[in-house]
Amino acid sequence: MAYTRLIVLVIVFEVLMTVIVGMGIYFGFSIFPYSPSSLTSSGTAVQTGGFLATIPLYMPSLTDLKIPYTYLQTWDQAWGIEAVLVSLAVLGLQSFVRGMYLGGLKGWILSHTTVSLLTNGRKYFGGMLAWSIFQSVTGIFIVLFAKVFIPVGLLLMIAILFYSLTPYLMVLQDMTFSDALSKAPRMFRRCFGTLLPLALFAMLCTLVISLFRSLSPPWGYAVPLLAYSCIGTYLIGELLRKLAGKLTTLDGKQVSDQPFGEARTRGMVNVFIMLLVPVLIGAGMFVASGRFLSLLDIGDKSRIDGISYNTNFSDVFYASKQAYTAYEWQSKDYSISIKLPVMTGEEKPDELRGIADITWQMDEEIRIMQGNSTRIDVQSGLHKSQVMYRLVRQSANNGSTYYSSMNGSASILPGGKRPREPLSIQIMVSGDGSHIFALQYPSRFDVSRVFRVSDDGKYLIPGTSPVNPMDFHAYWFTTDQNAGNVFDILVAKNKTNDITTINRAYLALACAMQEGDGRMVVKLLETMRQAGVNVTAPDWDDLTWTDNLHHRYHGATLPLTLELLSKAGVQGSYVSQEIVDKSDENIGVYRFEVPFPDGMIPITYSESKKDGKLLSIHVLD
């Protein structure tokens with residue numbers, strides 16, 4: 001039973017760390033050394049690919065196995081006064097729990113007795129705290145030296161190993177921290193041969209446990225936690241046993257007895273302790289998912305409808321040599337339920353945080369039983385997801401305020417549905433809170449090249465990923481859902497567009513006309529003129545072109561408008577027909593039409609049949 005109590009102690013501490021790490025992501029503070037992006041191990045780890053072998057030291061910890069404490073995702077870590085205070089509190093708690101753990105383990109391996117864990121925690125707290133501070137400070141120096149000169153960092157890491165027996169000596173011989181620290185290098189050299197086989201066996205055990213990290217959430221957290229708590233406790237117990245025997249041989253005296261005597265427990269208490277193991281594992285699975293943060297999200301949420309838009313390998317994307325982005329739009333029952341403060345005044349909050357419910361498109365795995373086999377299908381459909389977000393206030397190019405998860409955090413909380421592959425999310429909110437955007441994409445992709453915000457911080461204008469643009473899906477939620485706002489998004493997006501070659505530039509012109517962007521139309525026509533193309537088009541300025549193009553959408557429903565706007569973002573929308581009687585063997589003359597609700601705008605162009613050079617273009621007969 002003493003062994004089970006120690007396993008429960010380990011699991012309790014790990015679950016508590018999971019809660020604190022999750023709270024840190026939600027409220028914007030990091031915890032050293034439990035930061036998700038900088039997990040550090042108290043043991044010595046060797047990692048190759050998906051395998052990891054380590055030596056558990058002092059107390060089993062998920063950091064040894066490089067397992068994150070939470071499935072919540074974060075970008076930048078926040079190191080402020082709040083992070084320092086929480087980290088110091090965690091350091092003190094860790095030291096107290098280590099004293100409880102090693103003191104209880106000493107009673108178990110020496111006499112198989114159950115001792116008072118709290119009493120041991122108080123007794124060894126000072127020495128364990130001193131060791132934790134020593135370990136943290138030296139760890140920081142190792143990292144700093146490793147960044148400047150790697151060999152020096154490695155030498156320091158090896159040197160620290162000679163002091164690794166310090167906490168064990170403090171417990172086994174009731175020594176002070178300074179005495180144990182001075183004795184540790186000598187004992188490490190003398191016990192190296194005795195402890196080496198155990199270290200190799202520990203690395204083999206942890207290598208096997210590390211294979212369970214690849215399990216789907218939350219089992220990739222729960223199974224290693226349970227297995228490592230049990231096996232790690234056994235391995236550390238064996239280390240104490242061998243070290244106690246070696247100390248007796250070398251020092252010629254017995255290891256000090258447990259000074260507090262045996263703590264007897266009743267049968268019902270033992271049963272309760274046994275039942276705590278599955279309960280704590282279940283609690284760990286729940287908090288690792290981040291769903292416990294829903295308890296902090298109090299208050300009514302507003303439901304806002306939305307539409308989606310995504311990039312694609314469109315004709316204009318290829319024609320512009322990947323310099324021109326266009327969108328494919330979709331209108332379905334997309335919505336978001338979210339709670340936001342009033343942001344119309346001059347005072348703006350520094351951060352927005354909460355839990356949102358999003359109904360969006362998702363590819364899900366469907367398992368179908370066929371006799372003795374299971375077939376996995378992928379089906380796309382609407383799905384409701386819970387999303388945790390912490391949005392940090394940002395400044396747009398013109399100084400306007402917007403809120404983004406790129407410097408904060410946003411995570412899709414695990415639910416009952418299983419997506420085809422792990423998904424991530426980025427969220428952006430305009431400075432006045434009237435426009436909310438969500439960008440859904442596979443976690444394996446880098447979003448930094450795609451995530452773009454308009455110059456005024458009002459709209460999310462994703463770029464086209466050169467890898468797989470169809471996997472990036474943007475969602476726009478607003479109570480003011482109309483064609484005017486859609487055109488504003490397209491104008492903001494086109495400010496980042498360009499053409500790198502005049503050949504086939506008529507496709508970019510067609511897209512700009514389809515999107516009602518008079519500024520882009522004028523820019524493209526002028527660029528073609530400067531390149532020597534014979535341009536025949538109305539001599540209108542930006543506003544006149546914009547008014548003319550927008551008027552052609554007048555009276556159309558939003559779904560029809562989005563359907564026509566999508567032609568700019570897909571392939572095969574503008575199919576050219578050769579005008580045979582105007583073409584010859586050297587020059588081809590072609591014609592295609594740009595569709596609008598009130599009719600078509602024809603575009604006629606000629607190009608060289610030898611090199612594809614654009615020679616002339618005629619817009620609006």
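This passage walks through the helix packing, the nonpolar core and a handful of individual residues in a predicted model.

A convenient starting point is the largest nonpolar core, which holds 79 residues. Within this core, Ile 11, Tyr 101, Leu 102, Tyr 168, Leu 243 and Met 388 touch the most other members. Two or more residues each come from helix H1 (2-27), helix H2 (81-111), H3, helix H5 (166-172), helix H6 (177-210), H7 and helix H8 (267-288). Of these elements, H1 gives the most, with 14 residues. Helix H1 also carries Arg 5, which counts as buried because its relative accessibility is 15%, under the 20% limit for that class. Beyond its neighbours up to four places away in sequence, Arg 5 touches Thr 114, Val 115, Leu 117 and Ile 273.

Leu 117 leads on to helix H3, which spans residues 117-148 and packs against helix H4, residues 150-161. The axes of the two helices lie 6 Å apart and make an angle of about 155°. Angles over 145 degrees count as roughly antiparallel, and H3 and H4 are therefore described in that way. On the H3 side, the contact is formed by Phe 134, Thr 138, Phe 141, Ile 142, Phe 145, Ala 146 and Val 148. These residues meet Ile 150, Val 152, Gly 153, Leu 156, Met 157 and Ile 160 of H4. By class, the contact of H3 with H4 comprises 11 nonpolar and 2 polar residues, with no charged ones. The spacing of such contacts can be read with helix geometry in mind: an α-helix has 3.6 residues a turn, so residues three or four places apart point the same way.

Helix H7, residues 219-251, offers two neighbouring positions to look at, beginning with Tyr 221. Tyr 221 is buried, at a relative accessible area of 1%. Its side chain makes a polar contact of 2.7 Å with the side chain of Thr 18. Setting aside neighbours within four places in sequence, Tyr 221 is in contact with a list of residues that includes Glu 14, Val 15 and Thr 18, as well as Leu 62, Pro 68, Tyr 69 and Tyr 71. Gly 284, Met 285 and Ala 288 are also among its contacts. Tyr 221 and Ile 67 are 154 residues apart in sequence, yet their C-alpha atoms are 7.2 Å apart in space.

Ala 222 is likewise placed in helix H7. With 4% relative accessibility, Ala 222 counts as buried. Leaving out neighbours within four places in sequence, Ala 222 is in contact with Ile 281 and Met 285. Ala 222 and Met 285 are 63 residues apart along the chain, and 6.1 Å separates their C-alpha atoms. Met 285 thus appears in the contacts of Tyr 221 and in those of Ala 222.

Several backbone features are worth a look in the loops. In the loop between H6 and H7 sits Pro 218, joined to Pro 217 by a cis peptide bond with omega of about 0°. Tyr 58 is located in the loop between strand E2 (51-54) and H2. Although not a glycine, Tyr 58 has a positive phi of about 75°; this residue is buried, with a relative accessible area of 1%. Arg 504 lies in the loop between helix H10 (483-494) and H11. Its phi, near 65°, is positive in a residue other than glycine, and Arg 504 is partly exposed at 36% relative accessible area.

Just along the chain comes helix H11, residues 505-514. In this helix 10 of the 10 residues are buried, so H11 is largely enclosed by the rest of the structure. Among the buried residues are Tyr 506, Cys 511 and Gln 514. H11 is followed by Gly 516, which has a positive phi near 65°.

The next helix to consider is H12, residues 518-530, which contains Val 521. Val 521 is buried, with a relative accessible area of 0%. Not counting residues up to four places away in sequence, Val 521 touches Leu 509, Ala 512 and Met 513, along with Trp 545 and Leu 549. Leu 509, Ala 512 and Met 513 are themselves buried residues of H11. By C-alpha position, Val 521 and Ile 355 are 42 Å apart in space and 166 residues apart in sequence.

Technical notes. Residues numbered from 1 in each chain as written. Predicted model: local features only at pLDDT ≥ 70, side-chain atom pairs only at ≥ 80, totals over all residues. Heavy atoms only, no water. Axes fitted to C-alpha atoms, helices over the stretch in contact; angles between N-to-C directions. Helix = DSSP H or I, 4+ residues; strand = E, 2+ residues; numbered from the N terminus. Parallel < 35°, antiparallel > 145°, perpendicular 65-115°, else oblique. Contact = heavy atoms within 4.5 Å. Nonpolar A, V, L, I, M, F, W, Y, C, P; charged D, E, K, R; others polar. Buried < 20%, exposed > 50% of the residue type's maximum accessible area, 1.4 Å probe, protein only. Polar contact = N/O pair within 3.5 Å; in protein donor to acceptor, adjacent residues only side chain to side chain. Core = buried A, V, L, I, M, F, W, Y, C linked by side-chain atoms within 4.5 Å.
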